[in-house]
Amino acid sequence: QWSDFAVGFVRTDIDETSATVKAIVDQPVYQIGDPFRFEVMVAGEGNLDLYVGFIFPQGDYATIGYPFSFSAVKELLPYQKNLTLAKGGQTFTILNFGLGLPAMETGDYRACALLTKAQSDPNENSNWVKLDCQGFRF
């Protein structure tokens, strides 16, 4: 026996286009001893993986795992796997050096946040949902 005819929409997957991510550093130029704060805001719906890190002046990158571990150079270490996004958004404080930055290589850096499909290979660009980077100079 068939059920009654109905018109509607079937949702087959999360709407990855509704996900947003924003990388935030608190100033555009830093010197030795300046306080440094790096935050990431995420919003939307669904479950995604979150990666955060820095692109260095020479083009290499490193990522940060939770709560505070740095990856090897050119390694994508997840900050949080299978993160459930909230429509109202969440903010993560990734780094907060209130006592000031140590000496770093002079140049242009980028603080970045990447959302990928949950439990996927982040090295495959087709798994990337959203990427945001904010530049700063040291």
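Which residues form a nonpolar patch on the surface? In this predicted model, the patch consists of Phe-68, Phe-70 and Phe-97, and together these residues have about 290 Å² of accessible area. Phe-97 belongs to strand 7, which spans residues 90-97. With a relative accessible area of 31%, Phe-97 is classed as partly exposed, since partial exposure covers the range between 20% and 50%. Phe-97 is also a member of an aromatic cluster, which is described below.

The secondary structure of the chain comprises 9 strands and 0 helices, giving the pattern β-β-β-β-β-β-β-β-β along the sequence. Of the 138 residues in the chain, 35% are buried. Among contacts with a separation of 6 or more, 65% are made by residues 24 or more positions apart. The chain exposes about 8,400 Å², of which carbon and sulfur atoms supply 54%.

In soluble globular proteins, nonpolar side chains tend to be buried together. The largest nonpolar core of the present model contains 28 residues, and those touching the most other members are Phe-36, Phe-38, Val-40, Val-42, Leu-50, Val-52 and Ile-94. At least two residues of this core are supplied by each of strand 1 (20-25), strand 2 (36-43), strand 3 (47-55), strand 7, strand 8 and strand 9. The surroundings of Phe-38 were examined with neighbours within four places in sequence left aside. Contacts of Phe-38 then include Ala-23, Ile-24 and Val-25, together with Val-52, Gly-53 and Phe-54. Further contacts of Phe-38 are made with Phe-92, Thr-93, Ile-94 and Leu-95, as well as with Ala-111 and Cys-112.

Aromatic pairs number 12 in the structure. One of them joins Phe-36 and Phe-136, whose ring centres are 5.5 Å apart and whose planes stand at 50°, so the pair is tilted; the tilted class lies between the stacked limit of 30 degrees and the edge-to-face limit of 60. Because Phe-36 lies in strand 2 and Phe-136 in strand 9, the pair ties together parts that are 100 residues apart in sequence. Both partners fall below the 20% limit for burial: Phe-36 is buried at 3% relative accessibility, and Phe-136 is buried at 4%. Phe-36 and Phe-136 also belong to one aromatic cluster, in which they are joined by Tyr-30, Phe-38, Phe-54, Phe-56, Phe-97 and Tyr-109. Two members of this cluster, Phe-36 and Phe-38, are listed among the core residues that touch the most other members, whereas Phe-97 contributes to the surface patch.

Attention then turns to the backbone. Most residues other than glycine have a negative phi, and most peptide bonds are trans. A cis peptide bond joins Tyr-66 and Pro-67, with omega at about 5°. Pro-67 is located in the loop between strand 4 (61-65) and strand 5 (69-70).

Positive phi values occur at Asn-82, where phi is near 55°, and at Gln-119, where phi is likewise near 55°. Asn-82 is situated within strand 6, residues 80-84, whereas Gln-119 occupies the loop between strand 8 (108-117) and strand 9 (128-137). The relative accessible area of Asn-82 is 37%, and this residue is therefore partly exposed. Gln-119 has a relative accessibility of 54% and so counts as exposed, the limit for that class being over 50%.

Key
Residues numbered from 1 in each chain as written. Predicted model: local features only at pLDDT ≥ 70, side-chain atom pairs only at ≥ 80, totals over all residues. Heavy atoms only, no water. Patch = residues over 30% accessible without salt bridge, like charges linked within 9 Å, V, L, I, M, F, W, Y side chains within 5 Å. Areas by Shrake-Rupley, 256 points an atom, 1.4 Å probe, with all protein chains shown as cover. Salt bridge = Lys/Arg side-chain N within 4 Å of Asp/Glu carboxyl O. Helix = DSSP H or I, 4+ residues; strand = E, 2+ residues; numbered from the N terminus. Buried < 20%, exposed > 50% of the residue type's maximum accessible area, 1.4 Å probe, protein only. Core = buried A, V, L, I, M, F, W, Y, C linked by side-chain atoms within 4.5 Å. Contact = heavy atoms within 4.5 Å. Phe/Tyr/Trp six-rings, centres within 6.5 Å; stacked < 30°, edge-to-face > 60°.
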